[in-house]
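Q: I have a model open and want to go through its side-chain pairs, a helix contact and the cysteines. Can you take short questions?

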Amino acid sequence: MAIEKEHIQKDLNVAETGLFKGLHNGMSIAAKAMVAAFVVFTILNVDYAGELYGAVRSWVETALSWYYISSVMIIFFICIGLMVSRFGSIRLGDDDARPEFSNFAWFAMLFSASVSIGIMFFGVAEPLFYFDNSAGWGYPNNPFADMAGHNEMNMDRAVDAVRVTNFHWGLHGWAIYTITGLCLAYFSFRKKLPLTFRSALYPILGERIYGPAGHAVDLLAVFGTVFGIATSMGLGVNQMAQGLNVLFGVDPGTLTQIALVIGISIIATLSAVSGIGKGIRILSEWNIALTLLLILFFVVAGPSQWLASFFLTSVGDYMSHFLSMGFWTASEPGDVKWQGGWTMFYWGWWLSWAPFVGMFIARISRGRTIREFMFGAMLVPTVMAFLWITIFGGNALFIEMNAPGGVGTAGLIDTVNSWNLGGALYGTIEQMTSNGTLSWLIAALTTFLLATWFITSSDSGTLVITTILSMGNAHPPKQHRVIWGVAQGVVAAALLLAGGLSALQTAAIAAALPISALVVLMSWGIVKSLMQDSSAVRDPHEEVAPDGTALDRELRA
């Protein structure tokens with residue numbers, strides 16, 4: 001189905017006056033009503049809401065795990081196929097377009113907006129949980145290690161623990177973000193359609209993207225973005241509250257976490273108002289610089305040579321198992337519960353974040369080739385995640401394996417088993433140095449980084465939501481960025497009231513159900529478009545006429 005340029009400005013229905021000036025009236029009202037209904041229901045019926053969300057999560061985990069696993073694997077293989085295909089030389093924009101941001105700024109914004117808060121929360125706690133063999137939560141801590149016969153807490157089980165953590169933070173998850181961002185960038189910058197999710201379905205829906213079907217697609221994207229961001233907000237403030245408790249003795253309970261949501265949301269909204277080129281870019285680059293400082297401490301203060309060896313071993317273990325792990329569907333009751341609580345949560349979280357991160361990385365990737373985009377957005381962040389998990393989680397594992405009282409007696413596993421996942425990172429910092437002042441300073445740096453990662457995730461999400469509702473305007477109205485910045489904080493607070501971490505996990509898994517179908521359809525759409533528009537792939541030996549005839553022919557494709 002050819003995409004003609006006269007479709008660009010057709011039937012966008014963006015309000016020129018009134019309360020929703022700059023946005024689509026109907027979608028703005030529907031989106032706000034959707035969020036308001038959720039918040040009001042949750043706050044007025046906290047106990048019932050918590051039970052309902054728990055029931056939804058249980059149903060999804062038991063009935064639809066096969067669907068989530070299949071969807072993620074389909075997306076993964078499509079990404080690999082496009083990465084090595086003949087379409088890799090196509091630019092996301094006109095043929096003479098070049099990237100707007102430097103590689104460093106691009107990687108910094110990409111990583112800041114995606115896994116930052118989550119990997120700080122789980123980067124230590126998750127490997128420790130998989131290393132433990134107590135099965136204290138009614139299911140195996142690590143079924144993959146158990147199936148391999150690595151039941152003792154030793155080096156083999158430590159490698160297995162990091163392998164499973166890498167699996168949850170590796171190529172499968174980044175494939176979801178990458179294909180979503182590629183679809184949006186391709187249809188917006190190459191095909192000149194609005195920078196919205198509906199545009200990625202043009203090869204399937206045709207002109208119907210401008211009607212109710214297109215509105216429904218974009219509302220699903222807003223839904224996934226709001227609840228995906230709220231999940232990470234909740235995790236971030238949970239760990240920040242633990243940091244304030246370590247630093248100043250502040251009660252890390254729900255009231256402190258909600259106060260942090262309010263404060264950070266205000267700062268994030270101000271950053272979103274300033275735009276990508278200023279607040280978001282500057283904060284992202286500072287985040288990377290400060291993160292490198294924190295990493296340096298963990299490398300220098302930790303067992304550096306052991307960590308280097310452990311990194312190579314664990315990555316090699318991941319590379320030899322990641323496909324079989326991706327296809328594994330649990331059948332035993334305990335394994336089913338583990339897969340629902342961990343892998344299904346992660347796949348749901350990645351999918352619910354796909355609209356947000358996909359839109360954001362598309363927005364900052366104009367001018368890059370498809371192959372450059374695929375390698376950069378899928379492989380580089382994966383390697384960065386593996387380094388983080390090895391350095392931070394590896395230090396915690398080394399402490400537990402070399403505890404004076406015997407393996408597993410250092411207290412970090414006990415912290416995780418008490419479900420104080422956010423506190424595991426601070427416990428590791430405390431045990432890595434006997435200098436109380438240095439320990440306090442590193443804990444303060446960690447807490448500050450959590451806040452800035454929180455801000456960059458929230459402000460990016462705000463910009464994405466308002467871009468969708470403004471029908472692809474790269475610079476949506478500032479007053480609506482404020483409204484949606486506040487809305488994300490309110491949703492996060494409501495989820496914290498309705499059950500804390502469990503409610504946050506439920507929101508991510510449930511939001512992913514419609515989003516997964518949308519991402520699979522988008523993947524089909526871009527493959528279909530690329531196959532039909534074969535003229536977009538130029539023969540490297542083709543000579544372009546001085547008047548640009550060949551170039552014009554490509555742009556009309």
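Q: Which residues are linked in a network of salt bridges?
A: D160, R163 and D317 are linked that way. Keep in mind that this is a predicted model.

Q: How many salt bridges does the structure hold?
A: The structure holds 8 salt bridges. One of them joins the side chains of K192 and D94, at 2.7 Å from N to O.

Q: Where in the chain do K192 and D94 sit?
A: K192 is in the loop between α8 (171-190) and α9 (202-205). D94 is in the loop between α3 and α4 (103-112). The two residues are 98 residues apart, and the pair links distant parts of the chain.

Q: And how accessible are K192 and D94?
A: K192 has a relative accessible area of 23%, so K192 is partly exposed. D94 is also partly exposed, at 27% relative accessibility.

Q: What about the backbone at K192, what phi does it take?
A: K192 takes a positive phi of about 65 degrees, just after α8.

Q: While we're at α8, how many of its residues are buried?
A: 20 of its 20 residues are buried, which makes α8 mostly covered.

Q: Back to the pairs. What does D146 form a salt bridge with?
A: D146 pairs with R157, and their closest N and O atoms are 3.1 Å apart. D146 lies in helix α6 (residues 143-147) and R157 in helix α7 (residues 155-169), so the salt bridge ties together parts that are 11 residues apart in sequence.

Q: Is R157 buried or exposed?
A: R157 is buried, at 1% relative accessibility. Its partner D146 is partly exposed, with a relative accessible area of 29%.

Q: Which side chain does E372 meet in a salt bridge?
A: E372 meets R368, with 2.8 Å from N to O. R368 counts as buried because its relative accessibility is 1%. E372 is at 31%, so E372 counts as partly exposed.

Q: New topic, helix packing. At what angle do the axes of α2 and α3 cross?
A: The axes of helix α2 (residues 46-63) and helix α3 (residues 65-83) cross at roughly 65 degrees and come within 4 Å. The two helices are therefore roughly perpendicular to each other.

Q: Which residues meet there?
A: From α2, V60, E61 and A63 take part, and they meet S65, W66 and Y68 of α3. By type, the residues of this contact divide into 4 nonpolar, 1 polar and 1 charged.

Q: Last topic, cysteines. How many disulfides does the count come to?
A: The count comes to 0 disulfides.

Q: Why does C79 not have a bond to C183?
A: The closest cysteine sulfur to that of C79 is in C183, and at 8.5 Å it is too far for a bond. The cut-off for a disulfide is a sulfur pair within 2.5 Å.

Q: What is the closest cysteine sulfur if you start from C183?
A: Starting from C183, the closest cysteine sulfur is in C79, at 8.5 Å, again too far for a bond.

Q: Are those two cysteines buried or exposed?
A: C79 is buried, with a relative accessible area of 0%. C183 is at 0% relative accessibility and also counts as buried.

Conventions. Residues numbered from 1 in each chain as written. Predicted model: local features only at pLDDT ≥ 70, side-chain atom pairs only at ≥ 80, totals over all residues. Heavy atoms only, no water. Axes fitted to C-alpha atoms, helices over the stretch in contact; angles between N-to-C directions. Parallel < 35°, antiparallel > 145°, perpendicular 65-115°, else oblique. Contact = heavy atoms within 4.5 Å. Nonpolar A, V, L, I, M, F, W, Y, C, P; charged D, E, K, R; others polar. Salt bridge = Lys/Arg side-chain N within 4 Å of Asp/Glu carboxyl O. Buried < 20%, exposed > 50% of the residue type's maximum accessible area, 1.4 Å probe, protein only.
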